[in-house]
Amino acid sequence: MSRAASFLSLCLLALSLVLSAPLRTAAQDTQPAPAATPAAAVEIDYAAWETFAAEAQTTIASGDATDEELEALRKELVAWRDRFEAAQSVNAEAIATTQAQIEALGPPPEDGTEEAPKIAQQRDALNAQLAELQAPVTAAEVAWNRADALIRAIDRTLRERSTSRLLERGPAPLNPLNWPEALASLADGFEALWDEAATRFGDPEVRDAVREHLPIALLLFAVGLLLILRGRWWIEKLTLRVLGNERSAQRYIAGFVISLGQVVLPVVGTIALLTAIIILGAAGEKLTALLQVIPGAVIAFAVARWVGVSIFPIGDVPPPPLRLSSQARLEGRVHATFLGLIMGIYILLKEFGEAEDWSGASLNVVLYPLIVVAGVMLFRVARLILSHSEALSEDDAAVSFGRQLMHLLARFVILVAIVGPLLAGIGYFNAGYAIVFPTIFSLQLLGVIVILQRVATEIYVLATRNSEGARDALVPVLMGFLLMVASVPIFAIIWGARLTDITEMWNRFVTGFTFGDITISPSIFLTAIIVLILGVFATRLVQSTLRTTILPKTKMDPGAQAAIVSGLGYVGIFFAGLIAIMAAGIDLSALGYVAGALSVGIGFGLQNIVSNFVSGIILLIERPVSEGDWIEVGPNMGYVRSISVRSTRIETFDRQDVIVPNADLISGTVTNWTRGNLVGRLILPVGVAYGTDTRRVERILKEIAEAQPIVLLNPPPYVFFKGFGASSLDFEVRAILRDINQMLAVQTEMNHQIAERFAQEGIEIPFPQQDLWLRNPEALTGTARTETLTPGELRDVAEAQRGSQAHLDESDTDAGPDDADGDAR
């Protein structure tokens, strides 16, 4: 069977399994569950296994077995291997108990001294018992390894044969000598179908059966023909009506569900037509074989058409997945439809030719035009992908990465569209087919992934009621990633991997990987993750209970409460991780080497992180700084908002968050304005003019300070006459505030009252003043006012200027050193 047919058969099998799941569930509900077979009850005939293994090894080594025979042999070997794997758990509990007893006896003496007779006798008995218990396990392990080696040999042989067939050169379709034979084979095949049908209709019994079932057959034929011809058009119209002109998640999901009818209705119509033909009894053996292939061909066409309409939609609502014009999207739908039609015709002709025993030359000539047309369609689709990538912006890094991927995909498709038909034309028909049609299936699968990713995004929008940024949200991105991971096996099957290869890889993945004494498998990893999540959830629950219910009823300050809650969180997460590792079955002693290696790295590269971590623990235990404290660290001053294990977050008075490493709080100088209580001292400097009565100033300042409601009167405010300044008599008002957080408000209010009282009392608040004296100002100007002077006075002034200029230096003028003429500026 061809790869396309295999892929379609796999899809049909998955669909049948999904549809039959409720029936199987109901059947299981009505039947009693089979009793579990204990591990000890596993019995294996190793003599029969040895005989079978020898025969299998001889068959594999001969190389004469066909692929079908090797597949059947592999299936039997897998059954044997599964039995051996189940047998490896025989006596597991008894073996563990015996080993624990031997360990309890301790190691035997190594210094040559003789062990106590009773202990030595007991040790020998336990060792003999352990060897007897481990014998079937050892035999099962040896047999499992041999079965696994035989399975690998079969897989290697099948892969080598597949590669050989892929590189095999057969009759060239471009050779005109092969054309007459191909045309004759095609004509003979259709003639054989016609003769078979004529023979069937010539039988009176068949004609009687046709007349008897004609009404129901006509009804089925009419229904099937109607669904095939008009069903897709109905679904497209209904989908466009549901989508409407507005963009919403509900409409998109409803439109997606309805659009699936583009695949369902044609397939149902085809099944109705085939049923009508079968009911009439007019189909012979050859026609019946051909009719069995038609549903797969129709599915290939319908899926291709549906993917094309979804990726290249008719309307602009919702936004199309590709940034293309309406004309380009129309071309995309046409190309997708033609690709689906080519795949359907290829499947029919391939199966028809193999049923008629056509020669390789005839089959290659008949199928080659389809590969050529498929290459042309792929080339046109690649041009559309390039147009989309060129429309993407290069500014956004994520968009730029997607643009590069689109470019690579388009170049690859163009290469396949050119190389595939050329290889098939010169005789490497299998190689040409192996790259052209898998590329078509891969593009369709990528389209399905894009569609499902969009559906996941719309479901997320519908669940969260948040359409802004839904495309870049974490959940839709993770869903897209999971879709890509889940599609990897399907891509592998499309490109030639056998289903047994995928199953083998999955079994090895589930079994896990062993590193020394540590085994990592999906079950172990999942167990560790679940236990860790439960542990973290329980820790958060206890923290929330303490924070909201228990601690507020104690006499602890808020800082101590926050320290207890934070410390409990760190301890809970540590023990949750420890329990998760133990629950996964990982030996902690095996991690000692890793811890020792990490300690070296911590000592060199992570010393700052470790220092901050230890400092954070000290902060939580000693609590020199607590959440809500007003502290000053270096140039930063503000309130402590949170203390984490590595750093402390301080909110400044400018509403800015400053992240301070915990090591700076432990090793540096920290001023805590609110440590223990909120009482603090305010120092307010005041200056008055010289000549003011200092006693009166002291009395006024003291009255103003005592009048403040937040200033404590015990001890009372004190006015300190600080000294004689350059421009003022300096005083300081020193008062103890009940709440130091109100210092700025009290300082502002006192300044207002001081300004008002000083204005009322006539006390002057000085400010710095400076007098500037100019020596010989007339020499600095260079000219004098001579408009009002008499001629004699003008002569006296000129002589005086000449005399004064003779005694001027650079300090008496504004002239710079570059002014050679000495002119004043």
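Student: Among contacts in the protein between residues at least 6 apart in sequence, what percentage join residues at least 24 apart?
Tutor: This is a predicted model, in which local features need pLDDT of at least 70, side-chain atom pairs count only at pLDDT 80 or more, and totals for chains, interfaces and linings use all residues. Residues are numbered from 1 along each chain as its sequence is written, and side-chain values use heavy atoms, with hydrogens and water left out. Contact means heavy atoms within 4.5 Å. Of the contacts you describe, the portion joining residues at least 24 apart is 71%.

Student: How many of the 825 residues, as a percentage, count as buried?
Tutor: Buried means under 20% relative accessible area, exposed over 50%, and partly exposed in between, using a 1.4 Å probe and protein chains only. Among the 825 residues of the protein, the buried portion is 35%.

Student: How many helices and strands are there?
Tutor: Both are DSSP runs numbered from the N terminus: helices are H or I with at least four residues, strands are E with at least two. On that basis the secondary structure comes to 26 helices and 10 strands.

Student: Good, now the interior. Which element gives the largest share of the largest nonpolar core?
Tutor: A nonpolar core is a set of buried Ala, Val, Leu, Ile, Met, Phe, Trp, Tyr and Cys residues joined through side-chain atoms within 4.5 Å. The largest one has 45 residues, and Tyr346, Ile371, Leu378, Val436, Phe437 and Ile440 have the most contacts inside it. Elements giving it two or more residues include α6 (179-202), α12 (326-355), α13 (360-391) and α15 (429-464). The largest share, 14 residues, comes from α13.

Student: Which residues does Ile440 touch?
Tutor: Ile440 is one of the residues with the most contacts inside that core. Leaving aside residues up to four places away in sequence, Ile440 touches Leu339, Met343, Ala374 and Leu378.

Student: How many residues make up the second, separate core?
Tutor: Among its members are Leu682, Val688, Val719 and Phe758. The count for this second core is 25 residues.

Student: Let's move to Arg498. Which residue's side chain makes a polar contact of 3.1 Å with Arg498?
Tutor: Arg498 lies in the loop between α16 and α17 (499-511), and it counts as buried because its relative accessibility is 17%. A polar contact is a pair of N or O atoms within 3.5 Å; within protein, one must be able to donate a hydrogen and the other to accept it, and residues adjacent in sequence count only if both atoms are side-chain atoms. The Arg498 side chain makes one such contact with the side chain of Thr500 at 2.7 Å. The partner at 3.1 Å is Glu71.

Student: Now the rings. What kind of aromatic pair do Trp49 and Trp80 form?
Tutor: Rings of Phe, Tyr and Trp (its six-membered ring) pair if their centres lie within 6.5 Å; planes under 30 degrees apart count as stacked, over 60 as edge-to-face and the rest as tilted. The whole structure holds 19 aromatic pairs. With 5.4 Å centre to centre and 45 degrees between the planes, the pair of Trp49 and Trp80 is tilted.

Student: How many residues apart in sequence are the parts that this pair ties together?
Tutor: Trp49 lies in helix α2 (residues 46-62), whereas Trp80 lies in helix α3 (residues 67-87). The pair therefore ties together parts whose separation in sequence is 31 residues.

Student: Is Trp49 buried or exposed?
Tutor: The relative accessibility of Trp49 is 1%. Trp49 therefore counts as buried.
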